[in-house]
Amino acid sequence: MTVPAQNIRARVALVPQTVGTATANVYGNTLDVRGYDSATFIIGVRSATASTSHVPDRIFIEHADDTNTASFAAISTISSGLPTVINDTALTQQDAYAVVNVDLRGKKRYLRLGLRNLGSHAPTCDAICVLDNPGQAPVAATAAGARFFRAIG
């Protein structure tokens, strides 16, 4: 049985930036995931042209016990099954590039997202991380990782 997202906390995992060259990894913000059982990364990619060399070919999800960049180690590296072409400049585009869910049980306290591009072109990438299923529910905007928080029901 799948449990829907509950009591989420939204974090900016990667600010919009270019991801270029096949040898350079781009890493996002360090995220404190203490108290949550699930993290979902929603990754957007935009490029001026649709080409296989304009998309990331690797997604890295890394974790660590502290915020030292040398402490991070990969939980998983996703290099297959990714979209191979994207042109996200059109106003009608509604699909995210990728959605990656991480079961945080048994993982370390801090997470970060990493991307690497297939070729020499530089698409603009960004990501949001939605943390959910916490031990204690966020009850305010700050705890929910937002500037504004409203429950509608």
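A salt bridge is a side-chain nitrogen of Lys or Arg within 4 Å of a carboxyl oxygen of Asp or Glu. In this predicted model, the side chains of R112 and E62 meet in such a bridge, with 2.7 Å from N to O. R112 lies in strand β8 and E62 in strand β5, so the bridge ties together parts of the chain that are 50 residues apart in sequence. R112 is buried, with a relative accessible area of 9%. E62 is buried as well, at 7%. R112 has a further partner: its charged end sits over the ring of Y27, 3.9 Å from the ring centre.

**Overall layout**

The protein has nine strands and zero helices. Along the sequence, the pattern therefore reads β-β-β-β-β-β-β-β-β, where each β is a strand. Of the 153 residues, 38% count as buried. Among contacts between residues at least 6 apart in sequence, 81% join residues at least 24 apart.

**Salt bridges**

Side chains of opposite charge can pair when their charged atoms come close. The structure holds six salt bridges. Three of them are listed here.

| Pair | N to O distance | Relative accessible area |
|---|---|---|
| R112 and E62 | 2.7 Å | R112 9%, E62 7% |
| D126 and R46 | 2.5 Å | D126 18%, R46 28% |
| R58 and D57 | 3.5 Å | R58 25%, D57 17% |

The bridge between D126 and R46 links distant parts of the chain: D126 is in strand β9 and R46 in strand β4, 80 residues apart. Buried means under 20% relative accessible area, so D126, at 18%, counts as buried. R46, at 28%, is partly exposed because its value lies between 20% and 50%.

In the bridge between R58 and D57, the closest N and O atoms are 3.5 Å apart. R58 is partly exposed, with a relative accessible area of 25%, whereas D57 is buried, at 17%. What joins D57, R58 and R116 into one network? The three residues are connected by salt bridges that share partners.

**The nonpolar core**

Which residues have the most contacts inside the largest nonpolar core? They are F41, I43 and I59, in a core of 28 residues. Six strands each supply at least two residues of this core: β1 (9-18), β4 (36-46), β5 (56-64), β7 (98-103), β8 (110-117) and β9 (124-134). Of these, β4 gives the most, with five residues.

F41 shows how such contacts reach along the chain. Leaving out residues up to four places away in sequence, F41 touches A13, L31, I61, A98, V99, V100, V102, L111, L113, I128 and C129. Among these partners, C129 is buried, with 0% relative accessibility.

**Cysteines and aromatic rings**

C125 also counts as buried, at 0% relative accessibility. A disulfide is a covalent bond between the sulfur atoms of two cysteines. How many disulfides does the model have? The count comes to zero.

A pair of aromatic rings is described by the distance of the centres and the angle of the planes. The count of aromatic pairs is zero. The ring of Y27 does take part in another arrangement, with the charged end of R112 over it.

**Summary**

R112 appears twice in this account: in a salt bridge with E62 and over the ring of Y27. F41 is one of the residues with the most contacts inside the core of 28 residues. The chain around these residues is built with nine strands and zero helices.

How values were computed
Residues are numbered from 1 along each chain as its sequence is written. This is a predicted model: local features need pLDDT of at least 70, side-chain atom pairs count only at pLDDT 80 or more; totals for chains, interfaces and linings use all residues. Side-chain values use heavy atoms; hydrogens and water are left out. Rings of Phe, Tyr and Trp (its six-membered ring) pair if their centres lie within 6.5 Å; planes under 30 degrees apart count as stacked, over 60 as edge-to-face and the rest as tilted. A charge sits over a ring if NZ of Lys or CZ of Arg is within 6 Å of the ring centre and within 35 degrees of the ring normal. A nonpolar core is a set of buried Ala, Val, Leu, Ile, Met, Phe, Trp, Tyr and Cys residues joined through side-chain atoms within 4.5 Å. Buried means under 20% relative accessible area, exposed over 50%, partly exposed in between (1.4 Å probe, protein chains only). Helices (H or I, at least four residues) and strands (E, at least two) are DSSP runs, numbered from the N terminus. Contact means heavy atoms within 4.5 Å. A disulfide is a pair of cysteine sulfur atoms within 2.5 Å.
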